[in-house]
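Let's take a walk through this fold, starting from one pair of residues in the sheet and working outwards.

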Amino acid sequence: MIFFSLDVSITLLLLILPSPGTKKRPPPARPPPPKTSESPQDLDSVSPQVSSLLQSGPPPLPPRPTPGHQLYSYMVQSGPHATALFEFEAEIDDELDFKVGDIIKLESDVSDEWYSGSIGLKHGIFPKNLVDVKIPLPPH
């Protein structure tokens with residue numbers, strides 16, 4: 001805690017408070033809102049390629065890299081993993097949801113019928129018969 005002398009405190013108050021005869025200045029005027037017109041005239045001012053993109057929306061996503069593609073090992077990190085053959089919707093909190101084609105990093109063999117694995121930051125268990133193991137877990 002900082003303590004000031006009485007003289008310093010009074011001087012600070014005088015600097016902060018307006019003097020008795022002065023009028024308070026009004027705040028500056030608010031700037032006008034930006035123009036967000038989406039009229040056809042606005043599209044005429046851009047190139048035809050940009051105009052067609054703005055009207056049609058984003059392009060479709062490319063297909064995911066599959067085994068053999070140069071980005072596949074980057075996505076999977078070449079460790080034990082499997083590809084989802086079917087969709088699996090978790091029924092319990094500790095299960096892992098996935099869709100067809102998802103790449104699942106294998107973490108452990110839970111039982112004869114279940115693996116433990118992850119997709120990104122999601123972790124959980126899932127049935128072995130719903131995936132195609134690309135690189136198996138090492139033996140115990």
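Start with Ala82: its bridge partner in S2 is Ile104. Keep in mind that this is a predicted model. That pair belongs to the antiparallel pairing of S1 and S2, which runs over three bridges. Thr83 takes part as well, with Ile103 as its bridge partner in S2.

**The sheet around that pair**

Zoom out a little, and you find five strands in an open sheet, ordered S4-S3-S2-S1-S5, with antiparallel pairing. The edges are strand S4 (122-127) and strand S5 (131-135), each of them paired on one side only. On average, neighbouring strands of this sheet are turned by 40° against each other, direction ignored. As a reminder of what holds such an arrangement together, strands of a sheet pair through backbone hydrogen bonds, either parallel or antiparallel.

On its other side, S1 runs antiparallel to S5, and four bridges join the two. Within that pairing, Ala84 has Val131 as its bridge partner in S5.

Moving the other way, S2 (residues 103-109) and S3 (residues 114-119) are antiparallel too, joined by four bridges. The two strands form a hairpin with four residues between them. Leu106 has Gly117 as its bridge partner in S3, while Ser108 has Ser116.

Here are the named bridge partners side by side:

| Residue | Bridge partner | Partner strand |
|---|---|---|
| Ala82 | Ile104 | S2 |
| Thr83 | Ile103 | S2 |
| Ala84 | Val131 | S5 |
| Leu106 | Gly117 | S3 |
| Ser108 | Ser116 | S3 |

**A strand covered on both faces**

Which residues of S1 are buried on each of its faces? His81 and Thr83 are buried on one side, and Ala82 and Ala84 are buried on the other, so to speak a strand with both faces covered.

His81 sits in strand S1 (residues 81-84). Why does His81 count as buried? Its relative accessibility is 3%, and the cut-off for buried is under 20%. The side chain of His81 also has a polar atom 2.7 Å from the backbone oxygen of Gly79.

Ala84 is in strand S1 too, and it counts as buried because its relative accessibility is 3%. Leaving out neighbours within four places in sequence, Ala84 is in contact with Phe98, Lys99, Val100, Gly101, Asp102, Ile104, Leu130 and Val131. For Lys99, which is 15 residues from Ala84 along the chain, the C-alpha atoms of the two are separated by 6.6 Å.

**The nonpolar core**

Two of the S1 residues turn up again here. Ala82 and Ala84 belong to the largest nonpolar core, which has 12 residues, the others being Phe88, Leu96, Phe98, Ile104, Leu106, Tyr115, Ile119, Phe126, Leu130 and Val131. S1, S2 and S3 each supply at least two residues of this core. In general terms, nonpolar side chains tend to be buried together in soluble globular proteins.

Ile119 is a good place to look at the surroundings of one core member. Setting aside residues up to four places away in sequence, Ile119 touches Leu96, Asp97, Phe98, Asp102, Ile103 and Ile104.

**Just before the sheet**

Ser78 lies in the loop between helix H4 (72-76) and S1. Is Ser78 buried, partly exposed or exposed? Ser78 is partly exposed, because its relative accessible area is 47%. In sequence, Ser78 and Ile135 are 57 residues apart, yet their C-alpha atoms are 7.8 Å apart in space.

**The whole chain**

Stepping right back, the protein chain has four helices and five strands. Reading from the N terminus, the elements run α-α-α-α-β-β-β-β-β. Of its 140 residues, 20% count as buried. The chain exposes about 12,100 Å², and carbon and sulfur atoms supply 61% of that area. As for contacts with a separation of 6 or more, residues 24 or more positions apart account for 42% of them.

How values were computed:
Residues numbered from 1 in each chain as written. Predicted model: local features only at pLDDT ≥ 70, side-chain atom pairs only at ≥ 80, totals over all residues. Heavy atoms only, no water. Pairing = 2+ DSSP bridges. Axes fitted to C-alpha atoms, helices over the stretch in contact; angles between N-to-C directions. Buried < 20%, exposed > 50% of the residue type's maximum accessible area, 1.4 Å probe, protein only. Contact = heavy atoms within 4.5 Å. Areas by Shrake-Rupley, 256 points an atom, 1.4 Å probe, with all protein chains shown as cover. Polar contact = N/O pair within 3.5 Å; in protein donor to acceptor, adjacent residues only side chain to side chain. Core = buried A, V, L, I, M, F, W, Y, C linked by side-chain atoms within 4.5 Å.
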